[in-house]
Amino acid sequence: MTSPLLELREVTKRFGGLVAVDRLSVHVDEGESLGLIGPNGAGKTTAFGILMGEQRPDSGRVFFRGEDVTRVPTHRRVARGIARTYQIPRPFGEMTVLDNIRVGMMPDSVRRLLTERPPEGADREIVRNVGFGEREAAMYPGQLSMGELRKLELARTLATGPEVLLLDEVFAGLTRGEIAQLSELLCEERRRGMTSILVSHDLRSLSPLVDRVVVMSFGAVIAEGGFDEVLGNPLVQEAYLGQA
Ligand SMILES: Nc1ncnc2c1ncn2[C@@H]1O[C@H](COP(=O)(O)OP(=O)(O)OP(=O)(O)O)[C@@H](O)[C@H]1O
Ligand SMILES: [Mg+2]
């Protein structure tokens with residue numbers, strides 16, 4: 001049997017007395033698009049932090065291609081092909097859109113800088129792929145709408161040459177039109193074979209983009225399966241209602 005591309009196995013993360021992630025096991029297979037949903041505070045963003053190595057789990061392990069990467073630092077995980085976006089976009093405010101994307105492409109070590117320069121024009125290709133024109137490429141993040149900021153966040157992530165994308169609340173703060181545009185981009189990445197985990201509260205927008213859904217509540221998985229099946233699950237309905 002082949003290993004999942006990326007996996008959390010029995011991971012627990014506490015913040016003081018609060019158990020943010022509670023013996024959580026989640027995996028995504030190569031080429032799969034997984035939806036990770038659950039009410040506010042369920043632990044979705046914390047799970048991403050642990051997958052990226054930004055946060056150290058109290059117990060449990062992280063595997064990439066079957067290899068234990070629990071102690072591998074974030075920049076090495078990025079070099080191996082794991083990349084994430086943030087719920088609140090984090091561009092470099094003093095740099096243009098194009099330069100923000102170029103930063104994502106910078107090799108992570110001097111050795112790679114000498115041997116693996118990014119191909120000429122690759123930065124502009126990403127600019128085009130996410131639907132930016134020359135005008136936006138020359139703009140600064142402060143001049144962008146929320147929809148454009150989320151596209152920049154995706155572009156910066158794509159610039160690292162990822163094999164798996166972890167997308168946190170990609171649709172938050174966007175108009176219907178912007179959601180449709182971004183969904184099209186994500187569909188295109190999926191057609192190209194990209195593996196991804198998408199976190200979103202906008203279940204209607206998420207549904208056509210994912211093969212499978214995992215529902216978290218209080219740090220643990222409470223349901224998993226196809227979208228309709230999962231949303232019909234009383235435990236899931238209760239978890240979402242409890243939030244209202
Ligand atoms: N750095 C931190 N210090 C203390 N508590 C934290 C920290 N990060 C997260 N938490 C707490 O851990 C729990 C899980 O938070 P997390 O942000 O992972 O949830 P989430 O599912 O992403 O929620 P949302 O849907 O609102 O983004 C919450 O109770 C949150 O308040
Ligand atoms: Mg979150």
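These are my notebook entries on the sheets, helices and ligand shell of this structure.

**Entry 1. Source of the model.** I am working with a predicted model.

**Entry 2. The four-stranded sheet.** I looked up the strand order first. The sheet is open, has 4 strands and runs S2-S1-S4-S5. Its pairing is antiparallel. I then asked which strands stand at the edges. They are S2, residues 18-28, and S5, residues 67-68. Each has a single partner strand, so one side of each is left without a neighbour in the sheet.

**Entry 3. Pairs within that sheet.** I went through the pairs in sheet order. S1 and S2 run antiparallel and are joined by 7 bridges. The two strands form a hairpin with 2 residues between them. In the turn, Gly16 has a positive phi of about 60°. S1 and S4 are also antiparallel, with 5 bridges joining them. S4 covers residues 59-64 and pairs with S5 in the antiparallel sense over 2 bridges.

I followed one row of residues across the strands. Glu7 stands opposite His27 in S2. On the S4 side, Glu7 has Phe63 as its bridge partner. Phe63 in turn has Asp68 of S5 as a bridge partner. I can therefore trace His27, Glu7, Phe63 and Asp68 through successive bridges.

**Entry 4. Helix H1 on the sheet.** I checked what H1 lies across. H1, residues 44-52, lies across S1, S2 and S4. S1 here is the strand of residues 6-15. H1 runs at about 115° to S1.

**Entry 5. Ligand 1.** Which residues surround ligand 1? I list Phe15, Leu18, Ala20, Gly38, Asn40, Gly41, Ala42, Gly43, Lys44, Thr45, Thr46 and Gln87. The elements that give two or more residues to this shell are S2 and H1. H1 gives the most, with 3 residues. By class, the shell divides into 4 nonpolar, 7 polar and 1 charged.

**Entry 6. Pro4.** I looked at a residue in the segment before S1, namely Pro4. Is Pro4 buried or exposed? Pro4 counts as buried, because it has 20 C-beta neighbours inside 10 Å. Leaving out residues up to four places away in sequence, Pro4 touches His27, Val28 and Asp29. I also took the separation from Ala220. The two residues are 216 residues apart along the chain, and their C-alpha atoms are separated by 19 Å.

**Entry 7. The six-stranded sheet.** I turned to the other sheet. It is open, has 6 strands and has the order S6-S7-S8-S3-S9-S10. Its pairing is mixed. S6, residues 82-84, and S10, residues 220-225, stand at the edges. Each of these has a single partner strand, so one side of each lacks a neighbour in the sheet. On average, neighbouring strands of this sheet are turned by 20° against each other, direction ignored.

I picked out one pair. S3, residues 33-37, and S9, residues 212-217, pair in the parallel sense over 4 bridges. Ile37 stands opposite Val215 in S9. I then found a helix on this sheet. H11, residues 234-241, lies across S9 and S10. H11 runs at about 130° to S10.

**Entry 8. H3 against H7.** I looked up the packing of two helices. H3 is residues 97-105 and H7 is residues 146-158. Their axes are 7 Å apart, and the helices pack at an angle of about 35°. From H3, the residues in the contact are Val97, Asn100, Ile101 and Gly104. They meet Leu152, Ala155, Arg156 and Thr157 in H7. The contact residues divide into 4 nonpolar, 3 polar and 1 charged.

**Entry 9. H5.** Which residues of H5 are buried? In this helix, residues 122-129, they are Asp123, Ile126 and Val127. They cover an arc of only 105° around the axis, so they lie on the same side of H5. The general rule is that an α-helix has 3.6 residues a turn, so residues three or four places apart point the same way. What covers the buried residues of H5 includes H3, H7 and H6, the last being residues 134-137. Just after H5, Gly131 takes a positive phi of about 85°.

Conventions
Residues numbered from 1 in each chain as written. Chains lettered and ligands numbered in written order. Predicted model: local features only at pLDDT ≥ 70, side-chain atom pairs only at ≥ 80, totals over all residues. Pairing = 2+ DSSP bridges. Contact = placed C-beta atoms within 7 Å. Axes fitted to C-alpha atoms, helices over the stretch in contact; angles between N-to-C directions. Nonpolar A, V, L, I, M, F, W, Y, C, P; charged D, E, K, R; others polar. Near = placed C-beta within 6 Å. Buried ≥ 20, exposed ≤ 12 C-beta atoms within 10 Å, placed from the backbone. Arc of directions from axis to C-beta.
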